[in-house]
Amino acid sequence: MHTEVMLLRSADFANFGQLTARAPAVGHWKAILVLVLFVISNVAVVFPIRLPVPQAIIQWGQNILIFCRVLPRRSGPPPKAKHIHLDFITVPLFSVILLLITGAINGAVVRDGIVGANGVKPLDIMALFLSLAYLSISLDATGLLRFLAFWVVRKGGSSGRRLFAYLYVFFLAYGVIVGNDPVILSGTAFLAYLTRISGITNPTAWIFSQFAAANMVLLLRYNFHRVKRVDHATLTHLPAASVVLVSSNQTNLVLAGAFSLSFTTYTAHCILPFLFAAVFVYLVLALGLFRSPDMVPPSVDIDIASNEDIGTTLIDQRGAIFGSVLLLVTLGVLVGTSVVGVPVWEVTVPPAVIMLLRDLHHDWTTIRLPEPEPECPPDCRCYDVVIEPYIATELSLRTSELPSQASPASPTIPQQDLSSLIERCFVQLTSPFPTVMSIVRRLPFPLVPFAFLMFILVQGLSARGWVDVFAVWWAAWIRKTGTLGAVGGMGFLTCIACNVCGTNIGATILLARVLQLWAATSSPDARTKEGAIYALALGSNYGAFTFTFSASLAGLLWRRILDQKGIHVRATQFLWLNISIAFTAMTVSSLVLVGQLYVVYRNK
């Protein structure tokens, strides 16, 4: 027995030495620069700032753009003051450019960060992400979520506690199908309206339960698709991503692209942690944080008939049916083809194109008019014309803010510059296709460059040896703590990292790469390896509602929508309320996961 222990320890230290030997000199100034800029990029996500631009530079830049016919020539007062926004896009972009200039990274690192490396293919992920996002947002634009929400409200009756429970379950169920983006976009505005008409003066309980439910459901939005094994020059045949996530959530896409998981295995591991966490989080919400009648009143006075005809919220009934069937068929095909080998983006992009063509046909046949009308037809899905103001968000199409089209009889000759051309094209597209333009405005396009830039920066960390160092630290932790440390350590580490690593996307990209290298070099047992991977899945989703709004981009969007509705959530309030919610969800899910692992591997 003593000999076996000594042999095991010798193997552990051999793996430790292998990891250490593989790490290049991280003390080199280029490696330090990569790490510093990575940290600065993440800080900019948490604390975005804006810097004023001197007036002389503004005037000089405007003159150049006018000379290049990008902007029209204008006369009058000098241009207004401008600011440079240092946020989650500009700072990572400047960091990547600086690293390229200094030679800290090369073109191969940038290529790997865009095309893919180590089993993660960002291009495929973005195509999958945007196609499913279009399907979900288009379905939401039909009014289906609001229709179902009002139906749930009617079923809840006048009981405040029952209504609170019904809405919590509804947001969980709906989010499992379409993801958290539609729940955040339309569900937040719906709750702001609901609490106002029902006389609830403090909407805190309702909006925080919705936000927790919207992020928890992402844990179940994992469907997988098997791809070919990839060999890597830097790793000794690392078990590459033989699966790609089917979800509208990027953290899940990254995880599914980094590890070999089957749909049935993942479902078996994650359903129970999710269900137990959902139950215990509700108990914390209803019996702990919001037990006061001021938060959730015993009774609410909501007369649906006088405030809103439920039928009118379903703006496009045919579109809702068509979109629901198309989305369910798409998800079914993804699961059914999980053993065939077809890339998942080839499965999700065609349905998104079909939905786009359907939306274009709907707008063209419904809103085709010879002249602009003050109102859209009754079945128009244009947000700011038909839907009540409480539904429209900043991301919705605001036709009232668009420049008015010139009269056909106007003698003014349009200025031939790029800015005016884009403006006219946008107006001309908005008039016949308000639904499509509204959906396009709501698509999470800013996430695309942000994700690519984070992939590049993490790839730079890997190329300069920092990921090897982090893998050494993680291997040392596992040697001391085993499976329990793998689950608890990775779960809570991920929750914390979501707040300091440029949202949960940046945290997932970095930690998934660390686990890949650790698994390839340390050869951990199956129970410990699976515990770390699934704990990362738990933490990347639950970490979205922990300490700061910037722990996820959904949190930033949620706060912005609430501000527009006159509901202001303080950073300290967000922190103290979410700590107990996230701690409960993470602890319960981790305990259930550990129990499952010991049952599955009880003979090993």
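Begin by selecting Asn-504, Thr-508, Leu-511, Ala-512, Leu-515, Trp-518 and Ala-519 in helix H22, and then add Thr-528, Lys-529, Ala-532, Ile-533, Leu-536 and Ser-540 in helix H23, since these are the residues through which H22 and H23 meet. Sorted by class, this contact of H22 with H23 has eight nonpolar, four polar and one charged residues. The model on the screen is a predicted one, and everything on this tour should be read with that in mind.

Now show the two helices as ribbons, H22 covering residues 503-522 and H23 covering residues 526-542, and look at how they pack: the angle is about 175°, and the axes lie 10 Å apart. An angle over 145 degrees counts as roughly antiparallel, and H22 and H23 are therefore roughly antiparallel to each other.

Next, select Ser-523, which sits in the loop between H22 and H23. Its phi is near 50°, a positive value in a residue other than glycine. As background, most residues other than glycine have a negative phi. Is Ser-523 buried or exposed? With a relative accessibility of 58%, Ser-523 counts as exposed.

Stay with H23 and pick out Glu-530, which has its place in that helix. Glu-530 is buried yet has no salt bridge, and the nearest side chain of opposite charge, that of Lys-529, is 7.9 Å away. For the surroundings of Glu-530, display His-269, Leu-597 and Tyr-601, which Glu-530 touches when residues up to four places away in sequence are not counted.

Zoom out for a moment to take in the whole protein, which has 25 helices and four strands. Of its 604 residues, 53% are buried. Among contacts between residues at least 6 apart in sequence, 80% join residues at least 24 apart.

The next stop is the pair formed by helix H6, residues 122-141, and helix H7, residues 144-156, whose axes come within 5 Å and cross at roughly 55°. That crossing makes H6 oblique to H7. To see the contact, select Leu-139, Asp-140 and Ala-141 of H6 together with Leu-144, Leu-145 and Arg-146 of H7. By class, the residues of the contact of H6 with H7 divide into four nonpolar, no polar and two charged.

Keep Asp-140 selected and add Arg-442, because a salt bridge counts when the side-chain nitrogen is within 4 Å of the carboxyl oxygen, and here the side chains of Asp-140 and Arg-442 meet at 2.5 Å, N to O. This pair links distant parts of the chain, with Asp-140 in helix H6 and Arg-442 in helix H19, 302 residues apart. Asp-140 is buried, and so is Arg-442.

From Arg-442, extend the selection to helix H19 as a whole, residues 434-442, where seven of the nine residues are buried, so that the helix is largely enclosed by the rest of the structure. The buried residues of H19 are Pro-434, Thr-435, Val-436, Met-437, Ser-438, Ile-439 and Arg-442.

How many salt bridges does the count come to? The count comes to three, and besides the Asp-140 and Arg-442 pair, two further stops remain to be visited on this theme.

For one of them, select Asp-316 and Arg-358, whose side chains meet in a salt bridge at 2.7 Å, N to O. This pair, too, links distant parts of the chain: Asp-316 is in the loop between helix H14 (310-313) and helix H15 (317-336), while Arg-358 is in helix H16 (residues 344-367), 42 residues apart. Asp-316 counts as buried at 5% relative accessibility, and Arg-358 counts as buried at 17%.

For the other, select Asp-112 and Arg-111, where the side chains meet in a salt bridge at 3.7 Å, N to O. Here Asp-112 is partly exposed, with a relative accessible area of 22%, and Arg-111 counts as partly exposed at 48% relative accessibility.

End the tour in helix H8, residues 160-178, by selecting Leu-172, which has its place there. Leu-172 counts as buried, at 9% relative accessibility. Add Val-183 and draw a distance between the two C-alpha atoms: Leu-172 and Val-183 are 11 residues apart along the chain, and their C-alpha atoms are separated by 9.2 Å.

Note on methods. Residues are numbered from 1 along each chain as its sequence is written. This is a predicted model: local features need pLDDT of at least 70, side-chain atom pairs count only at pLDDT 80 or more; totals for chains, interfaces and linings use all residues. Side-chain values use heavy atoms; hydrogens and water are left out. Axes are lines fitted to C-alpha atoms, for helices over the stretch in contact, and angles run from 0 to 180 degrees between N-to-C directions. Angles under 35 degrees count as roughly parallel, over 145 as roughly antiparallel, 65 to 115 as roughly perpendicular and the rest as oblique. Contact means heavy atoms within 4.5 Å. Ala, Val, Leu, Ile, Met, Phe, Trp, Tyr, Cys and Pro count as nonpolar, Asp, Glu, Lys and Arg as charged, and the others, Gly among them, as polar. Buried means under 20% relative accessible area, exposed over 50%, partly exposed in between (1.4 Å probe, protein chains only). Lys and Arg count as positive and Asp and Glu as negative; His and the chain ends are not counted.
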